[in-house]
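Here is a small set of exercises to work through with the model open beside you. Try each task before reading its solution.

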Amino acid sequence: MIERLAIIGVGLIGGSLSLALRQAGAVGEVVGFGRNRNNLDKGVELGVLDRHAATLAEAIDGADVVVVAVPLGAMSAVLAEIGRALPDSAVVTDVGSAKGAVVSAARAAFGEALPRFVPGHPIAGTEKSGVEAGFASLFQGRRVILTPLAETDAGATDTVAAMWQHCGAVVESMDVEHHDRVLAATSHLPHMLAYALVHHLSNLNDHAEIFRYAAGGFRDFTRIASSDPVMWRDVCLANGEALVELIEQYQHELELVAAAIRDSDADELLRLFGRAKSERDSLIGNC
Ligand code: NAP
C-alpha cells in the first residue's frame, strides 16, 4: 500500500498508473504535478488525482513513492529538481522508454539518494497521449522492465515491483544497456518504420489517391505513426546509437527484398516470407 503517491507528468502512463492503483485499492492519496493547470484539473475531474501541486517540491513533499512520467526530453531537468527536494524515505521511479539517458540523469541528480531511484519501463501504451487517454487496465498482463543499478536498494526495487504488480503487470529485471538494445528492436525500430512509411507515401504526388485505398493492413502497420511526435523525437535522441544500427541493418534487409524482386527470384521471396511468417506465428502468442 502506497500512502501518498506523487506523479510528475500526468498523461497516458502516469494517469493510467494512478487509475490502476486506485482500482486495486493499493494507494491512499495521489498528488500530481505538470506544467498545464487545465490538464491537472482534468486529472482531478477524472478521478486520476486527489489534488495537484503548484510546484514540484510541493508535489513530492510527504510522498512515499514518486513516479516520473514526463517525456524523455524533460527527464533530466525534472530529476535534477526532484534530487534537490526529495523527502528522506521516498522511493523514486520513472517510466521512460529508454533507460541509458535517464540513468545518466539520475546519477547526476540524486547523489546519496541514488539507491532510492529504480529505473523502470512499462511495456504498455497506446498511440494516444494526455490524461484523458489513461485507463486502469493498461498494464494488465503487460510486462514492466526494471533496470536497477548496482547501487539500487533492494527494498526500493521491491516497492516499485509491488506497485506494478498491483496494476496487474508482470515485472522483470534487466540491465540498462540490454534494455535499450532490446527495446530499440522491438519498439523503437517499428515506430521509425511506421513514421517513415507514412511520411514517404504522403510525399508522393498521388498520395490522396493512395490513402483513399488504404485497407486493414495499412491501418495495422501504421497505427503507431499516430503516436506523439515529441515522445518519439525524444526516444530517438535518447537511444540513437542502438536505433541507427538497427535502421542500417533493416535498410540492408530491404535491399535483399528489392534484389529478389528485381531478379524475379521466386524461391528467395518464398524463403524470406516463409521464415518471417513462421517466426511471427510462433511469437505472437507471447506478445
Ligand atoms: P503524455 O501522455 O504526453 O504525458 C506526459 C505528461 O508529462 C503530460 O501530461 C505533460 O503535461 C507532462 N509534462 C511534460 N513535460 C513536463 C515537465 N517538464 N514537467 C512536468 N510535467 C511535464 O506521455 P506518455 O505517453 O504518458 O509518456 C510519458 C513517459 O512514458 C515518456 O517518458 C515515455 O517515454 C514513457 N512511455 C510511454 C509509452 C507510450 O506508449 N505512450 C509507453 C511506455 C513508456 P503538461 O503538458 O501539463 O506538463
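**Exercise 1. Polar contacts of the ligand**

Task: Which atom type in the side chain of Ser-97 approaches the ligand, and what is the separation?

Solution. Start with Ser-97: an N or O atom in its side chain is 2.7 Å from an oxygen atom of the ligand. Such a pair is a polar contact (N or O atoms within 3.5 Å; within protein, one must be able to donate a hydrogen and the other to accept it, and residues adjacent in sequence count only if both atoms are side-chain atoms). The protein covers 88% of the 880 Å² of accessible area that the ligand has on its own; these areas come from the Shrake-Rupley method with a 1.4 Å probe, and for residues only the protein chains shown count as cover.

Next, turn to the backbone. A backbone N or O atom of Ile-13 is 2.9 Å from a ligand oxygen atom, and a polar backbone atom of Asn-36 is 2.9 Å from an oxygen atom of the ligand.

A note on the model: it is predicted, so local features need pLDDT of at least 70 and side-chain atom pairs count only at pLDDT 80 or more, while totals for chains, interfaces and linings use all residues. Residues are numbered from 1 along each chain as its sequence is written, and side-chain values use heavy atoms, with hydrogens and water left out.

**Exercise 2. The shell around the ligand**

Task: Find which element gives the most residues to the shell around the ligand, and sort the shell by class.

Solution. First, the members: 27 residues surround the ligand, and Ile-13, Arg-35, Val-70, Ser-97 and Gly-130 come nearest. A residue is near when one of its heavy atoms lies within 4 Å.

Second, the elements. At least two shell residues come from each of α1 (12-23), α4 (72-85) and β7 (120-122). Helix α4 gives the most, with 4 residues. Helices (H or I, at least four residues) and strands (E, at least two) are DSSP runs, numbered from the N terminus.

Third, the classes: the shell holds 14 nonpolar, 12 polar and 1 charged residues. Here Ala, Val, Leu, Ile, Met, Phe, Trp, Tyr, Cys and Pro are nonpolar, Asp, Glu, Lys and Arg are charged, and the others, Gly among them, are polar.

**Exercise 3. Walking across the sheet**

Task: In what order do the 6 strands of the open sheet lie, and in which sense do they pair?

Solution. The order is β3-β2-β1-β4-β5-β6, and the pairing is parallel. At the edges are β3 (51-52) and β6 (117-118), each of which pairs on one side only. Two strands pair if DSSP finds at least two bridges between them.

Now count bridges. Strand β2 (residues 27-33) is joined to β3 by 2 bridges, and Val-31 has Arg-51 as its bridge partner in β3. Strand β1 (residues 2-8) is joined to β4 by 4 bridges, with Ile-8 partnered by Val-68. On to β5 (residues 91-94): β4 pairs with this strand over 4 bridges, and Val-65 stands opposite Val-91.

Finally, look at the faces of β4 (residues 65-68). Val-65 and Val-67 on one side, and Val-66 and Val-68 on the other, are all buried. Buried means under 20% relative accessible area, exposed over 50%, and partly exposed in between (1.4 Å probe, protein chains only). In a regular strand the side chains alternate between the two faces of the sheet.

**Exercise 4. Three helix residues**

Task: Determine whether Ser-18 is buried or exposed, then do likewise for Leu-79 and His-188.

Solution. Ser-18, in helix α1, is buried because its relative accessibility is 0%. A polar atom of the Ser-18 side chain lies 2.5 Å from the backbone oxygen of Val-48. Not counting residues up to four places away in sequence, Ser-18 touches Ile-7, Val-30 and Val-48, where contact means heavy atoms within 4.5 Å.

Leu-79, in helix α4, has a relative accessible area of 0%, so this residue is buried. Beyond four places in sequence, its contacts include Val-68, Val-102 and Phe-117. Its C-alpha atom is 9.9 Å from that of Ile-8, 71 residues apart along the chain.

His-188, in helix α7 (residues 176-202), is also buried, at 0%. Beyond four places in sequence, its contacts include Ser-97, Trp-232 and Asn-239.

**Exercise 5. An unusual phi**

Task: Where is Ser-264, and what is the sign of its phi?

Solution. Ser-264 sits in the loop between α11 (240-262) and α12 (266-283). Its phi is positive, about 50°, although Ser-264 is not a glycine. Most residues other than glycine have a negative phi. Ser-264 counts as exposed because its relative accessibility is 62%.
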